[in-house]
Each structure stands twice: as structure tokens, then as C-alpha cells.
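Thanks for coming. I have one structure to go through today, and I will start from a cavity and work outwards.

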Amino acid sequence: MDNINKFQSLIILLMVLIGIILGQINIIQIYSEYLIMPSLIIMLFLVFIQIPLKDITKSFKNIKFTLTAILINFVWTPILIFFLGKFFLQNSPELLIGFIMLMVTPCTDWYLIFTAIAKGNVALGASILPLNFMLQLLLLPVYVFLIGGSSVNIDVLSLTQGMVVSLFIPLLLATIFRKITINKKGLSYFEENISPKACDYQGYFLNLAIISMFASQGKVLLKNPQVLLQLLLPVLLFFIINLVIGQVVGRKIKLSKEDNVALSLTTLARNSPIALAIAVSAFPNEPLISLALVIGPLIELPVLFLVSKILLNINNKINAKNIY
């Protein structure tokens, strides 16, 4: 799965192209939309069974790291997204909502890959994963209403229903499945056999959802090619600003180099699959919102790879200075 994650942006682009091509066939365009939600629900079920929610208290063993990450992710980042969204996307309300949903949800999977590439503290980064996950589920509707509520007519009932169908049902099933499997087979069996397979298959179902979405809505994108360009600058500014913020704050509170890498990656990487599942369910008649959430990773993943290399070089130079 590591190799898949490294090339995920190219894979997503390929899935987009396949979806657009298949969408030119009328019968596929008509029926492909019925595959989107089931694919995303299965994908999220596979994601959720890997998240040990009972370990949520582990993040509090390093209060300094955890509190800093929470403040950046759930206080500073929404403020930054508010200003970036209003400045760049005020005249594109659907893209604004998609941008908000993408950027206020911290990643729950591939940020660990990039933390490892940058030789950061992967264990520390993983410790905050369950807490990030729960907080984003609770706060995402709040951010959507506060930042973008005046831009698009948001139906509270539809958004709540979308959260329940796309998130809480697969979360409940995943929690039950995880508990039963661990009780019967043991934690070692689960981590060695179930979790790796779930990690692999979640990518396959995400790709199926992307193909299906672009097969059903690809013509919308072809009519709106400016979507990628509209999102490019605000997304890049988010990464640049938060990278600087994370590095400066990490040094001010005297985190180690490895811990500072973990802080930067957990406050940079975003959780597009979860946001996409909510958008498809809550905004079925606003395809540009979902398109923004698929296009986002095309920008995000290459940037994260570049950031991980930059952080690695910075820390190598620091190590070299300390030697001499």
C-alpha cells in the first residue's frame, strides 16, 4: 500500500480520465451514479476498521504535541480557510463548500506515509489519529455552516442524513467488526492479516468511486475546466502557510526534529475520502462540490511528497551542523 500511496495522485488522475471516457457512453453515464455511494461506504468501512478508537487517550501522553496539533487543525486552519475561501472562491459557492470540506478535515491515513518518508515520529503522528478523526466528524458540519453557510442553501436535515449514512453507519459496523474479530482472533491476527488487506482494498473502492463519479458527472467538469485552476492557488497557499506555521510553532515549543515533522504532516494532510462521502450524500445536486474534493488530492499529494523531502533535507542539514 505504501507504493500505491506514493503514486496516488497519478492513480487518481488515471481514474478521472477513465471515468470521463466511460461517461461518454450514455448507459454508463446514467447508471454509474448508483455505484458512487456504495463504493464510498465500503471504502470508509475499510478505513474505519483500522482506527483503534479505544486508543484515543494515547494522544494525551504528549500533551504539548497533541494540544498544538489540535489548535492548528481545528482553530487556526478553519480561520485560514475562511479568509482563503472568501478571497478566492467567493463567486463560486459550490467550489467554496468543497474547498471548506476538504481543508478542515485532517487526514487519517496517508500522512503517516509522508511522515515516514521525512523520517519523522510516525508513532507520535499515529497517536493523534483517533482524536483527529472524532473531532472532524463532530466539527465538520459546524465549519460548513459557519464558513460557507451563506454561500449555498444548506439543508440541515440533508447534511445530517448524509453524515449518518456515509459515516456513522460504516463507523458502527466497522467498530462491531473490529471488536468481534479481535475478541475471536486476537489483536496480533487483526493487525497482521485484516488491517493490511483493509488498507489495500480501501484504495480500490476509492478508485471505483472516482471512476463512477466522473462517469456520471464528467461532462460537468468538461464544461467547467477552470475548476482546477480556481482551486490551485488557495490550496497551495494553505500548504505554504501551514507548513511555515507548523515549523515555527514546533520550534518555539521545542519539539524534537522528528516530532516537528509529525506535527507538520498531521496539520497539512487532508481527509478527502471522508469529505467526499459526506458531499455525495448531502449535496447530490451540487456535483461541483464533489469534483472539488476529487481534484484536491491531485494538488495535495504531490505537494505532500515535496514537503516530506523538504523536511528531510532541513533535518539532515541540522544534523550535519550539530556534528560539526
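The residues lining the largest cavity split into eight nonpolar, one polar and no charged. Before going further, please keep in mind that this is a predicted model.

Which residues are those? The lining of the largest cavity consists of Ile12, Leu206, Ile210, Ser272, Pro273, Leu276, Leu293, Val294 and Pro297. Three elements each contribute two or more residues to that lining: α11, spanning 187-223, α14, spanning 272-282, and α15, spanning 287-323. Ser is not on the nonpolar list, nor on the charged one, so Ser272 is the polar residue here.

How much space lies in the largest cavity? The value is about 50 Å³. With a threshold of 30 Å³ or more, the count is one cavity. For the general idea, a probe the size of a water molecule is rolled over the atoms, and that shows where empty space is left.

Now the chain as a whole. Its secondary structure amounts to 15 helices and zero strands. Of the 324 residues, 52% are buried. The exposed area of the chain is about 14900 Å², and 68% of that comes from carbon and sulfur atoms. On contacts, take those between residues at least 6 apart in sequence: 86% of them join residues at least 24 apart.

One helix to look at is α13, residues 257-266. Is α13 mostly covered or mostly open? Mostly covered: eight of its 10 residues are buried. The buried ones are Asp259, Asn260, Val261, Ala262, Leu263, Ser264, Leu265 and Thr266. That list includes an Asp, which counts as charged by residue type.

Last topic, the aromatic rings. Searching the whole structure gives six aromatic pairs. I will show two of them.

In one pair, Phe87 and Phe88, the ring centres are 4.9 Å apart and the planes meet at 80°. The cut-off for edge-to-face is over 60 degrees, so this pair is edge-to-face. Phe87 has a relative accessible area of 66%, which is over the 50% limit, so Phe87 is exposed. Phe88 comes out at 27%, between the 20% and 50% limits, and therefore counts as partly exposed.

The other pair is Phe238 with Phe239, again edge-to-face, at 5.2 Å centre to centre and 70° between the planes. Are Phe238 and Phe239 buried or exposed? Both are buried.

That is what I have; questions are welcome.

Key: Residues are numbered from 1 along each chain as its sequence is written. This is a predicted model: local features need pLDDT of at least 70, side-chain atom pairs count only at pLDDT 80 or more; totals for chains, interfaces and linings use all residues. Side-chain values use heavy atoms; hydrogens and water are left out. Helices (H or I, at least four residues) and strands (E, at least two) are DSSP runs, numbered from the N terminus. Buried means under 20% relative accessible area, exposed over 50%, partly exposed in between (1.4 Å probe, protein chains only). Contact means heavy atoms within 4.5 Å. Accessible areas come from the Shrake-Rupley method with a 1.4 Å probe; for residues, only the protein chains shown count as cover. On a 1 Å grid over the protein atoms alone, a cavity is a set of points where a 1.4 Å probe fits but cannot get out, and a pocket is an open set with protein on both sides within 12 Å along at least five of seven lines; lining residues have an atom within 4 Å of a point. Grid points are joined across faces, edges and corners, and a volume is the space filled by probe spheres set on the points. Rings of Phe, Tyr and Trp (its six-membered ring) pair if their centres lie within 6.5 Å; planes under 30 degrees apart count as stacked, over 60 as edge-to-face and the rest as tilted.
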